[in-house]
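Work through the exercises below with the sequence and the 3D view open. Try each task before reading its solution.

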Amino acid sequence: MNPKLQKQLRQALSTGGGPPRDVVSESVAARVPNSADLENYAMKQWESVLLQLVDCAADGPAGPKNPFIIKVFQRSGLLTPSSRENESPSLTDLGFQFLLMDTNSQLWQLVREYVTSSEDRGTDSGELVGFLLELGFHLVGEAYSVNSLSPALQKVLDELAALGLVKLQQGMKESWYIPTKLASNLSASLSESTDWQSSEGFVVVETNFKVYAYTSSKLQTEILRCFTRLEYQLPNLVVATLTKESVNKALGSGISAEQIISFLRKHAHPHVAQKIPVVPETVSDQLRLWETDRNRVQFEPAYFYDDFPTMAIYEAVVAHARDLGGLLFEDASAKRLIVRSDLHEDMRQYIRKQSSGAPAQRK
């Protein structure tokens with residue numbers, strides 16, 4: 001490529017096409033939190049976001065809600081939209097599945113919806129995407145001046161701070177933002193990015209279906225509550241049991257047995273993470289059997305026909321329903337059959353034709 005094009009391309013990829021962001025003075029840089037404090041801040045912010053989603057579950061604790069985050073959840077299909085002013089949104093099937101995903105998948109899903117709905121909030125989507133890409137290449141823990149941003153992007157910073165991607169700080173004369181470890185994941189693929197939840201295992205599953213979670217995190221405790229029955233809770237230990245009732249409740253909410261097993265395996269305590277299998281086979285097999293029990297019966301709208309005048313008419317109608325691929329049940333001895341509901345109009349006309357205007361009775 002032409003040397004000038006090479007130079008401009010490097011600048012566009014590294015700065016989003018505009019001038020580089022202003023780095024604050026050394027006096028401000030001394031007030032920036034260290035990497036451990038910044039990571040703890042981002043983790044707490046992200047957990048507070050997910051706790052607002054957990055709070056919308058039937059058994060979740062009550063807590064303060066951020067209207068911006070609730071709207072993002074609703075647009076993503078994780079919460080039901082509120083039709084009334086005082087009506088609280090409830091968790092959807094996708095919401096339960098979202099809670100069992102890793103942090104980076106959760107982040108990308110919310111950011112994708114956040115960008116998609118930017119036009120509705122009066123934010124230019126191109127400017128927003130450019131800033132998010134630029135933010136992903138900023139140095140984690142480095143302070144950048146807010147004054148270098150447009151008024152629209154300054155508003156975006158407040159929303160990104162609520163998600164834990166940046167930390168905002170205010171001085172006497174200037175203000176600045178500090179990208180967190182979450183923001184660095186915006187410039188990496190899901191396989192390259194790091195995940196807090198998978199980095200520190202805390203779950204031990206025993207063959208008697210007991211689950212021991214060595215955690216003091218309120219979020220992790222509430223996620224376990226989605227598919228287990230909590231027995232008791234200590235300051236740094238939660239004891240729960242996988243019961244048929246608790247698992248069936250999770251299955252009814254859209255969570256699959258494989259997702260539960262994957263969650264328990266991914267968050268296994270280091271003392272059991274090296275075992276094969278990590279989750280005892282008696283437990284994993286029973287979870288799959290409970291899921292299979294729920295899928296043994298399928299419901300399908302249908303019409304029931306009986307009281308045919310002759311056996312010849314009945315056999316002709318059965319053959320016609322079978323040819324259409326809609327025959328669900330037949331009982332030749334009682335001259336009864338059940339057909340899919342979408343074929344009822346066709347069946348009604350065929351029966352009238354066969355019986356010369358005297359159709360079989362239907363229920």
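The model shown is predicted, and the exercises go from its cores to single residues.

**Exercise 1. The largest nonpolar core**

Task: Find which residues touch the most other members of the largest nonpolar core, and which helix gives the most to this core.

Solution.
Step 1. The largest nonpolar core has 78 residues. Those that touch the most other members are Phe73, Leu160, Tyr177, Phe227 and Leu264.
Step 2. Helix α3, residues 35–54, gives the most to this core, with eight residues.
Step 3. Domain 1 (18–185) and domain 2 (203–295) both give residues to the core, so the core lies between them.
Step 4. Take Leu264 as a case. Leaving out residues up to four places away in sequence, Leu264 touches Val203, Val205, Phe227, Leu242 and Val279.
Step 5. Another core, of twelve residues, lies apart from the largest one. Tyr314, Val317, Leu343 and Met347 are among its residues.

**Exercise 2. A three-stranded sheet**

Task: Give the order of the three strands in the open sheet and state which strands stand at the edges.

Solution.
Step 1. The order is β1-β3-β2, and the pairing is antiparallel.
Step 2. β1 (144–145) and β2 (166–170) each have a single partner strand, so one side of each is left without a neighbour in the sheet. These two strands stand at the edges.
Step 3. β1 pairs with β3 (residues 175–179) over two bridges. To find a partner in the view, start from Ser145: its bridge partner in β3 is Trp176.

**Exercise 3. The buried face of a helix**

Task: List the buried residues of helix α12 and state where they fall around its axis.

Solution.
Step 1. α12 covers residues 244–252, and its buried residues are Ser246, Val247, Ala250 and Leu251.
Step 2. Seen down the axis of α12, these residues fall within an arc of 140°, so they line one face of the helix.
Step 3. The buried residues of α12 pack against two strands, β6 (229–234) and β7 (237–241), and against helices α13 and α15.
Step 4. Just after α12 comes Gly254, with a positive phi of about 100°.

**Exercise 4. Buried or partly exposed?**

Task: Phe209 and Asp307 each have a positive phi. Decide for each whether the residue is buried or partly exposed.

Solution.
Step 1. Most residues other than glycine have a negative phi.
Step 2. Phe209 is not a glycine, yet its phi is about 75°. Its place is the loop between β4 (203–205) and β5 (210–213).
Step 3. Asp307, also not a glycine, has a phi of about 60°. Asp307 lies in the loop between β8 (302–306) and α16 (311–323).
Step 4. Buried means under 20% relative accessible area, and partly exposed is between that and 50%. At 19%, Phe209 is buried. At 48%, Asp307 is partly exposed.

**Exercise 5. Loops beside α14**

Task: State where His269 and Pro277 lie, and which residues His269 touches.

Solution.
Step 1. His269 is in the loop between α13 (257–266) and α14 (270–273). With a relative accessible area of 17%, His269 is buried.
Step 2. Not counting residues up to four places away in sequence, His269 touches Gly201, Phe202, Val203, Val204 and Tyr214.
Step 3. Pro277 lies in the loop between α14 and α15 (281–294).
Step 4. Most peptide bonds are trans. The bond from Ile276 to Pro277 is cis, with omega near -5°.

Conventions: Residues are numbered from 1 along each chain as its sequence is written. This is a predicted model: local features need pLDDT of at least 70, side-chain atom pairs count only at pLDDT 80 or more; totals for chains, interfaces and linings use all residues. Side-chain values use heavy atoms; hydrogens and water are left out. A nonpolar core is a set of buried Ala, Val, Leu, Ile, Met, Phe, Trp, Tyr and Cys residues joined through side-chain atoms within 4.5 Å. Buried means under 20% relative accessible area, exposed over 50%, partly exposed in between (1.4 Å probe, protein chains only). Helices (H or I, at least four residues) and strands (E, at least two) are DSSP runs, numbered from the N terminus. Domain bounds come from an automatic or database domain assignment. Contact means heavy atoms within 4.5 Å. Two strands pair if DSSP finds at least two bridges between them. The arc is that of the directions from the helix axis to the C-beta atoms.
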